[in-house]
Structure formats: C-alpha cells, structure tokens
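Visitor: I should like a close look at a single part of this structure, namely its largest nonpolar core. Please describe how that part is built and what lies apart from it.

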Amino acid sequence: MLLRDGWTGWAVRKRFPAKPMHIALYLQYLANTVKSKSATSVAVNALAWAHRMAGMESPTENSLVRTVVDALDRSLAQPKTRKEPVTAAMLEELVEKFGNPSATLSDVRSLAAFLLGFAAFLRFDEISQLKCCDIAIESSHLSVKLRSSKTDQYREGALVPVARTSTATCPVAMMERYIKLAQIDLSSELNLFRAIVKSKKGEYLRRDGGLSYTRFRELFLAMIKSIGLAPKEFGLHSLRSGGATAAANAGVPDCLFKSLHACIWYDSGDVFPIV
C-alpha cells in the first residue's frame, strides 16, 4: 500500500530500482507534507524490503539516504512534554477529599501509594515491585526496602527512610491506615499494592499480582482531575519530581536527595519530612 500510493505515486518514472538521490528527495517530500517521523521511517523500511525481495542491494543504506534520515529524525522529533510536579498542597487536597474516616480501601490504597511515592522519590516500577515485607514502621519513620532500582546498577538494594509527620499528609500514618484496613501482613512476600476485589461484604485485596502501570496512572489522574487540575499536565513521574522539588525547597542538601535512594541518604541518620 505504501509503495503503491506513496513511492510509485511520487516517482512517475524510474520507480525501481530506486536511486539514492530520488529516495532522499522523496523523504524530504514526505517530511514537508506528512510531517511525520513514523511516515519517513515506514517509507525507508518499505523501500528496503522491496529491494531485498527483488534480490537487490537496498539503496536506503547509501550514505546520502542515511544522512537525510538522521536529519529528518531530528527535525521531526516531537518535543517531550515536561509534566508538572505534584506539590504538598495538592496532596493535602487529595487527602482532604479522599482520606476522610469513611474512605474506601481503594482510596486509602491510592493515597498511601501516592504519598509514599512523593516522600521517598519513588518511580512507578519501584512502587509496584514493593512487597509487604519491604515496609518496616518505627515510631519516628518507616523504612522502605528497595531491592533494585534504575539507579542501582549493581542491584545492591537500599533502605529509604520516610519521616513521620504531624500533618494530614503523613505518609507513615496513611500507610498504617492502609495496612490496617487491608489487613496486610508485613512479613508477607505478596505485593504491597494489589488490585481490589469488591463484594457484598466490602473491599479486599486480591492475593496475587500487583497494579499495572495503566491502572495506577488512571487512579492518579482521576484524583488529580477531581481537585480541578488538568490530568494532561501530570504523570506518575510527577510524584517523584514533586518530592525532589519539595526536598530542595525544604533545604535538604543536594548530596542527599539528588542521588535518590543512595545509601548515604540513609546512613546519614537524618530523616527529612517534606509532606
């Protein structure tokens, strides 16, 4: 379809085998009309496939064509939209709206995960991989055991402390509430954050599996939207970036929070409340 409607429609004469100069001009034509990086990529792959099927050397490997492809990849690349960081004030609104004494298990689970992600600078993968036994709660803080993370190249793991605070957004208090409501055994190897089953008797956690990225994102953006914010301006990384921003604003030394999970942060003995 692409060769018939695209290349053969553009190249009125000398369609096949194609010359590198003609392919370069055609790709420029696509860039100016379709303005799509994927369209130029598909065109190159289709032309290469057609020549290989005919037992010919593909002209798409020519240095001129490769130079044009690289240039178009850069010029047609869509700029990444930077998501806004979550703030402590936003979390306060979420807790006020969804964390009342009669809150459902689903809402308490979401709040516990969001507050933990914010306070401990966690990525979604790190949150989703947490086991019940990775959480240890003390009088002054809770400790999160990260078995591995993106920045942990040697898979040594790390302990991340999260301070107990006297605010409504205290991540430790919300985690305790979640553990009690969900009847979680902190010695268990089951996922800490799991899907919820609703029955006539109420809500309870599924025994196996965890929350998918899609579902976790849906829950987060739905709550964000409920307090009057634009969901498209936020993502799950907003929790981590928001926590780091709050730490910087609170005067936490760069060497402690920029490493985000480095052991020095734990070994220093300092626990900084940021929510």
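Guide: In this predicted model, the largest nonpolar core comprises 53 residues, and those touching the most other members are L116, V144, M175, Y178, L192, F193 and F220. Two or more residues are given to this core by each of the following elements: the helices α5 (88–98), α6 (105–119), α7 (124–128), α8 (171–182), α9 (213–226) and α10 (237–249), together with the strands β2 (141–146) and β3 (158–163). The largest share is that of α6, which supplies ten residues.

V144 may serve as a point of entry. Leaving aside residues up to four places away in sequence, V144 touches L116, L130, D134, I135, A158, L159, V160 and V162. Another core, of 15 residues, lies apart from the largest one and includes A43, V44, V68 and V69.

Two of those residues, V44 and V69, also appear in the packing of helix α3 against helix α4. Helix α3 spans residues 37–53 and helix α4 residues 63–76; their axes lie 9 Å apart and form an angle of about 160°. Angles over 145 degrees count as roughly antiparallel, and α3 and α4 are therefore roughly antiparallel to each other. The crossing of α3 past α4 is left-handed. On the α3 side, K37, T40 and V44 take part, and they meet R66, V69, L72, D73 and L76 of α4. Sorted by class, this contact consists of four nonpolar, one polar and three charged residues.

How values were computed:
Residues numbered from 1 in each chain as written. Predicted model: local features only at pLDDT ≥ 70, side-chain atom pairs only at ≥ 80, totals over all residues. Heavy atoms only, no water. Axes fitted to C-alpha atoms, helices over the stretch in contact; angles between N-to-C directions. Helix = DSSP H or I, 4+ residues; strand = E, 2+ residues; numbered from the N terminus. Parallel < 35°, antiparallel > 145°, perpendicular 65-115°, else oblique. Left-handed = near helix turned anticlockwise from the far one by under 90°. Contact = heavy atoms within 4.5 Å. Nonpolar A, V, L, I, M, F, W, Y, C, P; charged D, E, K, R; others polar. Core = buried A, V, L, I, M, F, W, Y, C linked by side-chain atoms within 4.5 Å. Buried < 20%, exposed > 50% of the residue type's maximum accessible area, 1.4 Å probe, protein only.
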